[in-house]
Amino acid sequence: MVTQMKTLEDYKNAYKKSVENPEEFWAEQAGNFTWKQKWDKVLDWNFKEPNIKWFEGGKLNITENCLDRHLEERGDKTAILWVPNEPDADDRKFTYKELYTEVNKFANGLKKKGIKKGDRVIFYMPMIPELAIGMLACARIGAIHSIVFAGFSAQSLADRIIDAQAKMVICSDYNKRGAKNIPVKKVVDDALKMGCDSIDTVVVHKNTGGDIEWNDNIDLYLHDMLDGVEDFCEPEVMDAEDPLFILYTSGSTGKPKGVVHTTGGYMIYTAYTFKNVFQYQEKDIYWCTADIGWITGHSYIVYGPLLEGATTMMFEGVPTYPDAGRFWEIVEKYKVNQFYTAPTAIRALMAQGNEYVDKYDLSSLKVLGTVGEPINDEAWYWYYDVVGKRSKPIVDTWWQTETGGILISPLPCITDMRPTYASYPLPGVQPILVDPEGNLIEENGVEGLLCIKYPWPGMLRTTWGDHERCRQTYFSAFPDLYFTGDGARRDEDGRYRIIGRVDDVLNVSGHRIGTAEVENAINTAPGVVESAVVGYPHDIKGQGIYAFVITKGQVDDENAFKKQIIDMVRVEIGPIAKPDIIQLVPGLPKTRSGKIMRRILRKIASGDMSNVGDISTLLNPEVVEEIKKSAPTL
């Protein structure tokens, strides 16, 4: 088990050592795990290419560390506790022994279908145990898993399959989510008609038993794949720098980026951050409400908790079904100790009223966490006052898909809290602020662009199939720095507050969505000439999507036209990317070189009509007044 900090002095000492002698610090943490062969070198790096290698030459399998090494001491302890969508349905519990057996069987099933080390397997599944078992089974045999959130459209799924050149898709027939049954297999069928020639097999988990189309040449039920397989699979020996998974994240250009995380460094970093940020103790029940389709689910539902021998919960449903008390009913029923959710969920539940919280006994809670986006002041205080009864520490965690794990966060009952501040960097993390020219800002009480000046074990290594894109996106803005894409404020005591994205990426309910992706989808709708998408403040989502759309001539039925646009975005990307507001405009403010001036559109979208800034350099300054006149009242 990794070292757990327990006091402020522990944190200060760990941080000091991690900065002064990072290789020794991380080697100590790595020594707590099972290795087939020790590494040759702890760290080799440069941020120019970039080229980052942790524990190179070390041989291991991450599932041995998640499962095998716990069997003797924790074999009968619950590893995964699954809570179904329907409150009256039965939960499912897997001890470490049972999870070990299921992962081994699933791994042998994959091998039976020809999946081997280095092959890519796409998952498009609801939040059910088979998803966690399947991803661990891939890791067991050295296959690279790529999980796609099961709310993305067929086109988005196809884009990811094609980019990864995956051999297999694993899905369910339907996804139960609240009162809906979502036809997951149909989305996969539609995706495969879009040029996914690399797919040999579609494995289907019978989740609801609903009717689905079937192709005997390619489709296979999961229970048939697992029929008769042995319950032990020899773990594939992996190099520490072998890819573990690809996770696609939106970029400022239209094409999603396949962020690659490797095995050894990711393992150590997720375990260390999980144990310390949540102060997990042996008998605790830990619940992260995220979907495994996002990095939070990878790191803090599956890998981090299992590496530390925790009991981790998976929840199939949504926070408002059958009513807004569902989260709190689960906390009471299972005596949850650590609870980790998104500000979007907190704001949505806050809007429903305190009575849904007050009727449940939440005294088991020890730590409350937030993830996905900066939490606003009002939501922070409601979470602290109403849910935590002013006695539970809040860990407002900041990190990204690309970072693999939490970088900045309070440590509960160790460091102090300041509402809306992610606070202090974790050991091994060296954040700095720079100005737009890349000059270091050393003083406190300032704002700047957030960069990291030294590697940490959980960071991305590349973007799948396009290393130059990785360099351009994260390492080209400022020499020898990883640029997060976020602006931040550092207070007088050195705490960091994340202000938000400074590139053309929106953060909607904690999901990063590229403006170019949404614009591309809108522009394919009939009657659309051009569009520009920006974010605006949204009471629930944090950021909403505001689309300015130029049309081909007069629109007779504006509501029908806007619905057509929304439907197109749903088809191309998925419901999470649909615009909240669509404003039809005669033109867009552009520079003489043709660049859309988004800062002006952001001002208008936020309702700040009086302060759009200098428009004298625009090719068409008159269009700004026309857009302002027709803007809806928020």
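1. In this predicted model, strand S4 (residues 78-83) pairs with strand S17 in the parallel sense, and four bridges hold the register between S4 and S17. One pairing within this register can be named residue by residue, since Val83 has Phe315 of S17 as its bridge partner.

2. Strand S17 also pairs with strand S16 (residues 285-288), and here S16 and S17 run parallel and are joined by three bridges. In this pairing, Ile285 is the residue that stands opposite Thr311 in S17.

3. The connection between S16 and S17 deserves its own remark: together with helix H11 (residues 295-307), S16 and S17 make a β-α-β unit, and the unit is right-handed.

4. As for the surroundings of S17 (residues 311-315), the strand is mostly covered, with five of its five residues buried. The burial applies to both faces, with Thr311, Met313 and Phe315 buried on one side, and Thr312 and Met314 buried on the other. Two residues already named as bridge partners, Thr311 and Phe315, thus lie on one side of S17.

5. A separate point concerns helix H1 (residues 8-20) and helix H2 (residues 22-30), whose axes come within 5 Å and cross at roughly 120°. Because of that crossing angle, H1 counts as oblique to H2. On the H1 side the contact involves Ala14, Lys17, Ser18, Val19 and Glu20, which meet Pro22, Glu24, Phe25 and Glu28 in H2. By residue class, this contact of H1 with H2 divides into four nonpolar, one polar and four charged residues.

How values were computed: Residues numbered from 1 in each chain as written. Predicted model: local features only at pLDDT ≥ 70, side-chain atom pairs only at ≥ 80, totals over all residues. Heavy atoms only, no water. Axes fitted to C-alpha atoms, helices over the stretch in contact; angles between N-to-C directions. Parallel < 35°, antiparallel > 145°, perpendicular 65-115°, else oblique. Contact = heavy atoms within 4.5 Å. Nonpolar A, V, L, I, M, F, W, Y, C, P; charged D, E, K, R; others polar. Buried < 20%, exposed > 50% of the residue type's maximum accessible area, 1.4 Å probe, protein only. Pairing = 2+ DSSP bridges. Right-handed = clockwise from strand over helix to strand, strands pointing away.
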